[in-house]
Amino acid sequence: MASIEFLILLLVASSLIAYLLTKVNSFLGSVFTIFASMFVFVSLAAYGFNATLVTDVLYLPGFTFGYTYLGAFFAIIVAFVYAMVSFFHPYFIDHYKYKNAYNMLFLLSLAGVLGAFFTDNFLQLFFFFELIVWSTMFLIPLGKSKSAAVSYFAYSAAGSFAMLFGIFVMRAQVGSFDMTLGLSSLTGTNAIIVYVSFLIAAFAKLGVFPLHLWLPIAHGNAPHPFSPVLSGALVKLGAFVAVLALIRITPASGLITAINLPFAHYIVAILGAMSIVFGTLMAIREDDAKKLLAYSSMSHGGYIIVAFSLLDSVAYAGGFYHILAHALASAGAFMAIAAVARQTGTTKMSELGGIIHKMPITYIVYLVAIISMAGIPPMGGFISKWLIFQAVIDKGLIFIAVALFFGSIGSFLYVFRPLAALFLGQELPQFKKTVKEAPILMLIPMVIITLLNIYTGVLPNQLFGFINRIIGELGFAPLVTSTFEINGYNGIINPALIAGIFGFGVVIAFIIFISLKKSKQVTLMETYTAANFIHTEELLHYSVDFYAPLERLYAKYIHIMTNFFDSLANKVKELGRLSKYVFMSKYVEVAIFWIVAITAFLLWGEIL
Amino acid sequence: MIVNILIGFGIAVLGFVLQTSVAGVNRKIIGRLQKRYGPKWYQEFLDIFKLLSKRSISHGWIFDFGVIMALGGIIATAMFMPITNTFVAFAGYDNFFIFVYLLAVGMLGMAMSASGSGNPLASIGVMRALTTMLAYEVPFMIVILTVIKLSNTSSMVGIGEFQRALGNNWFLIALPLGGIVAVISLMGMLGKKPFETYIAPAEIASGPMVEYGGKQLGMLFIMHEITVFIEVSLFVHIFLGGASNIFIFLIKYFVVYTVVNLISNVNGRFKIDQVVKFYYKWPLIMAVTQAIIAIYFGWVI
Amino acid sequence: MMNSMSNIEYVKGLIDQSFKVLETDVIDQYQVSFVFKQADVLQVLVTLKNAGWKQMSYLSAIDWPDEAKFEMVYILMNWERAIHVQIRTKIDRNDPVMPSIITVYPGAKYYERECHEFFGVKFPGNPDYEKQLILEMWDDIPPLRKDFDPQAYSDRKFTKREYNQDYKILSEDNKLKEKREARKQRAQSLKGGQKA
Amino acid sequence: MKSTKFTPARKLTKEEIDRKWWEIGDFFRRNSLWMLMYCTGCCAIELPPAMTSAYDMERLGMGPMATPRQADILLISGYLSVKSLRRVIYTYEQMSEPKYVVGLGSCPINGGIYHDSHAVINQLDQYIPVDTYVSGCMPNTESVMNGFVDLMEQIKNKTANGWVKYKENNEWYKSNQKAALGEVIIHDEFHE
């Protein structure tokens, strides 16, 4: 018996229990969150995957729910990330000022997520959105910076209210808040308004250009175990809204015949492409590992937006798979960084080095995650990127392809940086003695995520079965797959074969390696220094300004967006001052004049 | 399946032998070009086997593991490479993207191993290699996009057959601007002279390879030879109409590698930011122009 | 643009105005040397630096074992007037102390360390003049002093290759010596234009 | 007449197999000698003609390499000061085995014209094993090339085993190094 309302009520109840339990004993409360979130994930996966989740029980008066494959897909991914991250809590909870609030809000935001993905009513969607925003907003300041929460809230609120506006416009035309019915029956200007306002919400949640500035601030400063949730799970809410906007609404706009794509969708794709490029460029020059991954989230958000704006079932399959692959990869990477941060106390790459010798398992977790993130086989990211490439090439979208390829190669650059600067390189003396591998309870979720990363890259076809059901639900032709193969427009890939051959190649290389003379072990400091005697590790560790020659080429232009938003804020302030001057001046005569004028104006409108 | 794997492994070995011989012959040619006698044509083999016979050093498990991953990834990539229509291990799976991205596994392995050696010069070399990759890959991929869009397949054999079916209308000629971009990008891929910033022996002591000696270096040499085989073969299949039998393949392969090598030997070396600026200027403009006129206007020679 | 002779006049005038010069030596049209008492040197350097001799090209010492003196030499360069100025002063060899000039020319830091290493001159005022700079682990008297015997040091420190004495030194062969003497005399006699 | 009776092949011992492999390895090693050039002395000027078209070292399979890890030969050209001897020893110990040392010019042999200097060592083979010396001040390019051919010949005859000697007589070499240098590995303020 698992109904969605039961799960939500359970989460709300357990969040209260967690609050009380953590007050008594912080460790006990954290363990309780593990059980609560694991229970929710397991029941969601068990019932949601087969579409046997009960939705018509009415525990919550006034709330109605409906099962969609789309919602279930997102909900399972997000609940999975939540469940995995909850394993980190016992080790991190003592760092926070408000321990009990942390556990409570964590579970409460999960309740909001479940509600948002299973609701069938737009007003409820808005309600759950706000529940998530409010509960997470108080989680973020428990990390490094309080102002991070402000920018997170500002962007989220802008997105939410844009969506609310869209919902009301839709209600005005259609006459209902129903999700399945509402969007598809929109026409004319209203469709365009709703399309734009929903996309603003999607962009703000997903952190896509031009509403991306909150991503590095919030991700970088959030508590270490909460960053994987933000990047792996919560930004996917934006993807959910983007799917609603890009696929369900058909705004009237001219078709660009050369590429067979409506103009409105092409604009969105261009924005997604810009997001890829800017995210990549900013990630390359970032020094904080968490901010770097945040910018990579921005770039991957761009991929998702591009995929859903192509109006093409292969691209949709790629987009959905990318959501899954990126959720796993980014959760894995953030969790590895969180583990390093717990053991060393910093996430700055310029302060770390040679952690691999102490934390090899964390290293493997990070390695697999970034292979997936960079879209290299045999991990999941390759398959989704391949599908998106298929669609882009088939449509002949040259400029978007430039951005996609740039992002794809650029992702090698930025994901390699933490690998080189943080895990590899010289073992710095300050970490030689104190650092050891992360505790076992933290390794469990990381290893599970790593295995899933490999699974998504080797045997994706069962997952594509589910994704095909979503695509069918959205009214498109499903992706052609067989037991092992995936068919794109201009080729077939067989991920299992690729992985197998890769394994074969590694075995061959290993045989060559092992049959040759054994090599002599030397220390890291015994290295080629042009025959200088160097005794300090820092001098032999290259981690600051890693891509300096490349960064120099665009260093002048990085502040454009920040400056733009700053000046926008100034303009708004000026406007506020002007209206204050005009309306709120202390002379009664002026106020009366304006009241009369406005009344006259309104009456004039009435007469017309 | 076993047979396919054996054929694939045979192709990888063939690729190694072929490229190593061709590289040796090219060293001779370059020697003659510089009024020298030049080494023996099998000098490259001697070098590699000598390296394998030496006793090397190791900087820990990641140093060795990266090398194994690099060579393994490259062998795996070479196993998918078709030689002719029929001489191919996994027919139908010779997708262009597999080559590009599976190649990256090998590169990642090498980069990891180099950084794991703890030498800053190796990290600088890796940084330069990745930056160069960011530079040459985008124009090249745009040209490939044009080719795939025109021939409507991304299979190597398919693209080759498409060109031969049109009466040997090679894409190198059919897409002249794209052909130039492809040659320039190929030089970047092979790490040839104007773009060999990441090796730079006099500057950063051979970059990523600074700490390798003995068997690790030998395995990286094998990896490098197979990588060159893959990259030149890609060029042969995509831009020179593939090959209907193995001799034509060998001739085309030899010509492409030699021409690229000759061009590279009369050039100096760019600085790393010059490489990026160069590729994002003319080759990218040419590639995009070519893509627009070929895809949107349909003007193909 | 002043010519070089007037440059020398200029610097001479500048120095003579306020200092007691023990000796002046115009080496060529671009170089002039002054000898001062040790106490004056710092003041002279300050004056010259203010007058445009901004670059200190070199600082070293000369060993005069017979006089039991070290002669310190400072070479200054002016980029506006093409002229080098050498400032010389003699200090006691047995207790060689020369105040540091890094307050005037910070770049002199390393020259002073080098000078200390090779001559043993002490430079109070330079915080690390005793640190090793060029010679690593030197274990003898400073090597550029005249009383240091490099041959003896080399013999003591470095193994020499031993050869079998199966050769003969031609210059010591008597017969050849005589021949050479004879040839020399003949040449001498021919020089004057007279025949023997 | 020779007997046609079949004699069973003697089973090779492990040492013999190793020696066979070693001989095969020697063939590759002598045909592909990569050099690390320690060019502090004036004899280095003889190397450009040896490498370029006049004498073309590459036809013997030789070439310059950037780091000691990759190199087979350590080429000491000209005089070695005490300071650089430290670096040479450090470099030599970083090279991967088997490794060879070639001394160019008369300075590594007996000090040459610097035999009485306080800063220049006299005899290189006291500190690291030298396989081949090329004498002359400076040796002309023919003799440099000849020196390399001699080294190849030595590898063939298995007499180029300086690196084995260095391992076997390590204490002797270390004591010599200590006597001349004090310490091999030193600290200085610029690299800390």
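## Chain C on its own, and how B meets A

A compact globule of 196 residues would come out with a radius of gyration near 16 Å, yet chain C has 25 Å. Keep in mind that this is a predicted model. The C-alpha trace of chain C spans about 70 × 55 × 30 Å along its principal axes. Buried residues account for 22% of the 196 residues in chain C.

What is chain C built from? It has 5 helices and 5 strands, and reading along the sequence you get α-β-β-α-β-β-β-α-α-α. As for who touches whom inside chain C, take the contacts between residues at least 6 apart in sequence: 52% of them join residues at least 24 apart.

Now for the neighbours. Which two chains share the most contacts? Of the 4 pairs of chains in contact, that's chains A and B. Chain C, on the other hand, has no contact with chain A, and chain C doesn't touch chain B either. Here is how those three pairs line up:

| Pair of chains | Contact | Value |
|---|---|---|
| A and B | yes | 62 residues of chain A, 72 residues of chain B |
| A and C | none | closest C-alpha atoms 13 Å apart |
| B and C | none | nearest C-alpha atoms 26 Å apart |

So much for the overview; on to the A–B contact itself. In it, 72 residues of chain B meet 62 residues of chain A. On the chain B side, the elements giving two or more residues include helix 1 (2-33), strand 1 (57-58), helix 10 (214-239) and helix 13 (282-296). Helix 5 of chain B supplies the largest share of that side, with 16 residues. Sorted by class, the side of chain B that touches chain A has 43 nonpolar, 21 polar and 8 charged residues.

There is strand pairing across the two chains as well. Strand 5 (residues 520-521) of chain A pairs with strand 1 of chain B in the parallel sense, over 2 bridges. Within this pairing, A:Lys520 stands opposite B:Ile57, which sits in strand 1 of chain B.

One last stop in chain B is B:Thr86, found in the loop between helix 3 (61-79) and helix 4 (96-116). Is B:Thr86 buried or exposed? B:Thr86 counts as exposed because it has 11 C-beta neighbours inside 10 Å, and the cut-off for exposed is 12 or fewer. B:Thr86 and B:Phe297 are 211 residues apart in sequence, and their C-alpha atoms are 35 Å apart in space.

Conventions:
Residues numbered from 1 in each chain as written. Chains lettered and ligands numbered in written order. Predicted model: local features only at pLDDT ≥ 70, side-chain atom pairs only at ≥ 80, totals over all residues. Helix = DSSP H or I, 4+ residues; strand = E, 2+ residues; numbered from the N terminus. Rg over C-alpha atoms; globule rule 2.2 N^0.38 Å. Buried ≥ 20, exposed ≤ 12 C-beta atoms within 10 Å, placed from the backbone. Contact = placed C-beta atoms within 7 Å. Nonpolar A, V, L, I, M, F, W, Y, C, P; charged D, E, K, R; others polar. Pairing = 2+ DSSP bridges.
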